Amino acid sequence: MHDLYFENGEATFLVSHRKALRHHMPASHFHSTYEIYYLMAGKREFFIQDRTITIHEGDVVIIAPNILHRTTNAEQPMHERFIINMHERLFSSDGAHKEALRPLLEKDYLVLSGSLRNRLSLDMLAGTIIQEMKERGSGFELLARSLAVQLLIACCRHYRQHEEELPLSPSPMHDRISEIVRHINDRYQEELSLSLMADQFYISPYYLSRSFKEATGFAFVEYVNSVRIKEAKKLLELSSLKVNAIARKVGFGSVTHFGRVFKEVTGHAPLYYRRNRVF
């Protein structure tokens, strides 16, 4: 089965399907769309916002816009996954989706454990979307988007019926790193060097560096920069603050350094998001 990748011209709808021996996301990962990640085979570790969880074949993770996340290899690196990224404005034209998708709209992410009944429905929808993306017949994107909304509704119904607790962290080390991640998320405006964090949490810088990467998939500085850039992107889109003021507000001492890191993380210069801001 060949890898599949489709992205429309507005970057509001993306479909990806692949089988892989191993895969680490090469860059920090947050975007303006909802992401549906369906693990069709294998086992993965998934860092989302402030914790790492292990997901298994048949599990679905749905992530809200602008939530940092990254998948990394588990002990079984061979896996197959199906991903949809979709902007909320494509869910419905009149807001009719808000009640059906309430669990999704009210949370930063949902994790749904696979069940045989649920998998049959998901596999049918995913398979039809993949086929449409491959054949690209008349109206294929519109049909695929409709099927994606059906998939979201099915997931939200399943969540309402089961209200599952989040999976446990893989180890106490992951729990410890989650504490540090929450500290970074809350205090990204402050100085957050590796040595300062190691002192504050009574661990060695070497252990923190190694464990942080293992638990989250991010290097320590990479994660701090990603959190800061995520917040800067929101300010560029939703405020009239000048770029240098935003750089200082999110913890950068130099606007030049801010611009360089912003481009590395997002692929765009800061003013790209200012031009496309939404009021």
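Visitor: Is cysteine 155 buried or exposed?
Guide: Cysteine 155 counts as buried, because its relative accessibility is 1%. Buried means under 20% relative accessible area, exposed over 50%, and partly exposed in between, with a 1.4 Å probe and protein chains only. This is a predicted model, where local features need pLDDT of at least 70, side-chain atom pairs count only at pLDDT 80 or more, and totals for chains, interfaces and linings use all residues. Side-chain values use heavy atoms, with hydrogens and water left out, and residues are numbered from 1 along each chain as its sequence is written.

Visitor: What about cysteine 156, buried or exposed?
Guide: Cysteine 156 is buried, at a relative accessible area of 0%.

Visitor: How many disulfides does the structure hold?
Guide: Zero. A disulfide here is a pair of cysteine sulfur atoms within 2.5 Å.

Visitor: Why no bond for cysteine 155?
Guide: Its closest cysteine sulfur is in cysteine 156, 7.0 Å away, so it is too far for a bond.

Visitor: New topic. How do H5 and H7 pack?
Guide: Helix H5 (residues 172-186) meets helix H7 (residues 205-216) at an angle of about 95 degrees, and their axes are 10 Å apart. The two are therefore roughly perpendicular. Helices are DSSP runs of H or I with at least four residues, strands are E runs of at least two, and both are numbered from the N terminus. Axes are lines fitted to C-alpha atoms, for helices over the stretch in contact, and angles run from 0 to 180 degrees between N-to-C directions. Under 35 degrees counts as roughly parallel, over 145 as roughly antiparallel, 65 to 115 as roughly perpendicular, and the rest as oblique.

Visitor: Which residues make the contact?
Guide: From H5, they include Met173, Ile177 and Ile184. From H7, Leu208, Phe212 and Glu214 are among them. Contact means heavy atoms within 4.5 Å.

Visitor: And H8, how many of its residues are buried?
Guide: 15 of its 19, so H8 (residues 220-238) is mostly covered.

Visitor: What distance separates its end C-alpha atoms?
Guide: They are 28 Å apart. That agrees with the 27 Å expected for H8 at 1.5 Å a residue. The expected span is 1.5 Å times one less than the number of residues.

Visitor: Which loop holds arginine 136?
Guide: The loop between helix H3 (116-135) and helix H4 (140-162). Arginine 136 has a positive phi of about 50 degrees, although it is not a glycine. Arginine 136 is partly exposed, with a relative accessible area of 42%.

Visitor: Where does glutamine 49 lie?
Guide: Between strand S4 (43-48) and strand S5 (51-56), in the loop. Its phi is also positive, near 65 degrees.
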